[in-house]
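Ready for a few warm-up exercises on a protein model? Have a go at each task before you read its solution.

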Amino acid sequence: KDERIKKIKIKDLLSHKAGFDRRLSPDPMLSEHPWCPDNIERLASIKLDHNPGEVYSYSNLGYCLLGEIIKRHAKKPLEEVFQHDLIFPAKAKMITLKKGEVIHNEPLPIFDNNESQEDLLNIRFEAMQATGSWAGRSRDFLDVLDLITSPSSNFLSLSGRHALLSTAPECEISQWRTCHGYAFYRYREKGRKTMYWRD
């Protein structure tokens, strides 16, 4: 339906510039029955909101599509890829797939104005593996992050670690939650150190 879909690159999906904009079109991943990943053929029938590579708009759908790419390349379920390639090597024993429930002693989440805990718990978490439907201790997530970014780890090359922290040159890092690279938001308040973060 939309020929521009053929022009979407992996870097567009990673940097949230694939052309999906949840401010203009509903986010399918937050619906009761998201079409990604189980009905991926639906991609052929949608229309993009923007040209790929041009406009930043955070996209859960982009992450779901990346998950499908990884799953098909690895020829095994995405949960298995994450556990085998990230969680086990990081020795992050407490990270598990999140279900639609609040885990005992889990910190209370902070929501945007248009979200609620009820909305969060109604998400179809099994469809959101590539978006981040994982639960665990912050120590375990830090161990995964160390595995990926630490200079003492050989998990990624130096250029790979650099790419994770890179953002587009035109990105205005003094504006909160607008400058997203391949893996993290980047932000620097005047007179402070640069901060890299994810929700």
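**Exercise 1. Work out how much of the chain is buried, and how its helices and strands are ordered.**

Solution. Keep in mind that this is a predicted model. Step one: buried residues account for 39% of the 199 residues in the chain. Step two: count the elements, and you get six helices and four strands. Step three: walk along the sequence and the pattern reads α-α-α-β-α-β-α-α-β-β. With a radius of gyration of 17 Å, close to the 16 Å that the globule rule gives for 199 residues, the chain is as compact as a globular protein of that length.

**Exercise 2. Find which residues of helix α6 are buried, and say why they sit on the same side.**

Solution. First, go to residues 158–165, which form α6. The buried ones there are G160, R161 and L164. Next, look around the axis: these residues cover an arc of only 100°, so they lie on the same side of α6. Then check what they touch: the buried residues of α6 pack against α5 (138–149). Finally, flip to the face turned away from the buried side, where you'll meet the exposed residues L158, S159 and H162.

**Exercise 3. Place T167 and decide whether T167 is buried or exposed.**

Solution. Start with the location: T167 is in the loop between α6 and β3 (185–187). Now the accessibility: buried means under 20%, and T167 has 15% relative accessibility, so T167 counts as buried. Last, the company: setting aside neighbours within four places in sequence, T167 contacts C179, H180, G181 and R186. With R186 there's a polar contact of 3.2 Å between the side chains.

Key: Residues numbered from 1 in each chain as written. Predicted model: local features only at pLDDT ≥ 70, side-chain atom pairs only at ≥ 80, totals over all residues. Heavy atoms only, no water. Buried < 20%, exposed > 50% of the residue type's maximum accessible area, 1.4 Å probe, protein only. Helix = DSSP H or I, 4+ residues; strand = E, 2+ residues; numbered from the N terminus. Arc of directions from axis to C-beta. Contact = heavy atoms within 4.5 Å. Polar contact = N/O pair within 3.5 Å; in protein donor to acceptor, adjacent residues only side chain to side chain. Rg over C-alpha atoms; globule rule 2.2 N^0.38 Å.
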